[in-house]
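Biologist: I am new to this structure and should like to understand the reasons behind its descriptions. May I ask what supports each term as we proceed?

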Amino acid sequence: MTYGINTFLFTSPFTNDSVRWFPQFRNWGFDSVEIALEDPANITPDFIQEHLANNGLTCQTVCAAMGPDRDFRGTPKQCQTAMTYLKALINIMAGWGSQTLVGPLYSSVGRANQESADDYAMQWQQVTGHLTTLAHYAQSKGVRLAIEPLNRFETDFLNTVEQGLRMVEAVNHPALSLHLDTFHMNIEEKSLPDAIRRAGAHLGHLHTCGSDRGTPGNDHTDWTGVRNALHEIDYQGGLVIESFTTDVKVIAKAAAIWRQIEPSREEIADKGVRFLRTLMA
């Protein structure tokens, strides 16, 4: 099992300059950097790969940033923009040896409406088709996809493990799996351990953070239950800390982080990875 850190905690947008954080990530004890790549044009892939290697790190996962113009539920233009963006990420990942493209690949974050049953069904079919196309492309590049249900305030489309599994089963492609997040599960699931068990072999990725978006372990999450459920399903993927603070303004606004939840982002990373390693051991 690998332990990773999502770059949103320290920087947005991710650029070549963001590699300055890599030595500290390694010093804290992370194996992997989950690069949240808003715009592929912001980086030189070979430069990033060189700095990962120089610091003994890998990029096992890349996190997609789905903005208003990237939406498989939207207009033909929004769908095409999303497809072009996600394929560009996959191409970069193939060069890095990254395993999984993660996040709410199906829709823009923040799109939360009261859709009619007919509109929802139409969007479902549209998303299914686009994810099928993307899964075929990812498989051709040796990459997997993992779709992330979000809480009700960030999307009206996929909120729970059950909904996520229905989409995975509708696409029915070996390159598509489920990405769960302890923060979103804390809001939407009756039981985090039961949700993980329900995901079972379809669980391709897990984001970990406190129930308040702070440090894993410094919250009311049933972490022992989470660990036991992960062991029961023989989860072999990574554990990635995805927490936010007020330091990165654009992310703080998007994630509604209006106060300092923890003393510092450095403490979230340092204490968080030590907690997860002790927990899983």
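**Strand 1 and its neighbours**

Modeller: Let us begin with a pair of residues: Tyr3 stands opposite Leu239, which belongs to strand 8. Please bear in mind that this is a predicted model.

Biologist: What makes strand 1 and strand 8 a pair?

Modeller: Pairing requires at least two bridges between the strands. Strand 1 and strand 8 (residues 239-241) are joined by three bridges, so they meet the requirement of at least two. The two strands run parallel.

Biologist: How do you know that strand 1 also pairs with strand 2?

Modeller: The test is again at least two bridges. Strand 2 (residues 32-37) is linked to strand 1 by three bridges, and these strands run parallel. Within strand 2, Glu34 is the bridge partner of Asn6. Between strand 1 and strand 2 the chain passes through helix 1 (residues 22-28), and this β-α-β crossover is right-handed.

Biologist: Why is the crossover from strand 1 to strand 2 given that hand?

Modeller: With the strands pointing away from the viewer, a clockwise path from the first strand over the helix to the second is called right-handed. The crossover through helix 1 is right-handed, which means that its path runs clockwise in that view.

Biologist: What makes both faces of strand 1 count as covered?

Modeller: On one side of strand 1 (residues 3-6) lie Tyr3 and Ile5, on the other Gly4 and Asn6, and all are buried. Each therefore has under 20% relative accessible area.

**Backbone angles**

Biologist: Why is the peptide bond from Ser12 to Pro13 singled out?

Modeller: Most peptide bonds are trans. The bond from Ser12 to Pro13 is cis, with omega near 5 degrees. Pro13 is part of the loop that connects strand 1 with helix 1.

Biologist: What is notable about phi in Asn172 and in Arg213?

Modeller: Most residues other than glycine have a negative phi. Asn172 has a positive phi, near 55 degrees, and phi of Arg213 is positive as well, near 80 degrees. Asn172 sits in the loop between helix 5 (161-171) and strand 6 (176-181), whereas Arg213 belongs to the loop between strand 7 (203-208) and helix 8 (223-232).

Biologist: Is Asn172 buried or exposed, and is Arg213 buried or exposed?

Modeller: The term exposed applies over 50% relative accessible area. Asn172 has 65% relative accessibility, so it counts as exposed. The term buried applies under 20%. Arg213 has a relative accessible area of 4% and is therefore buried.

**Two pockets**

Biologist: Which residues lie closest to the centre of the largest pocket, and how much space does it hold?

Modeller: The largest pocket holds about 410 Å³ of space. Its lining has 21 residues, and Phe8, Ala65, Val109, Ile251 and Ala254 are the closest to its centre. Helix 9 (249-254) and strand 3 (61-64) each supply at least two lining residues; helix 9 gives the most, with three.

Biologist: How does the lining of the largest pocket divide by residue type, and how does that of the second largest pocket divide?

Modeller: The lining of the largest pocket has 13 nonpolar, three polar and five charged residues. For the second largest pocket the division is four nonpolar, 13 polar and one charged. Gly counts as polar, so Gly204, Gly237 and Gly238, among the residues nearest the centre of the second largest pocket, belong to the polar group. This pocket holds about 230 Å³, and strand 7 provides the largest share of its lining, three residues.

Technical notes. Residues numbered from 1 in each chain as written. Predicted model: local features only at pLDDT ≥ 70, side-chain atom pairs only at ≥ 80, totals over all residues. Heavy atoms only, no water. Buried < 20%, exposed > 50% of the residue type's maximum accessible area, 1.4 Å probe, protein only. Helix = DSSP H or I, 4+ residues; strand = E, 2+ residues; numbered from the N terminus. 1 Å grid on protein atoms, 1.4 Å probe; cavity = no way out; pocket = protein on both sides within 12 Å on 5 of 7 lines; lining within 4 Å. Points joined across faces, edges and corners; volume = space filled by probe spheres on them.
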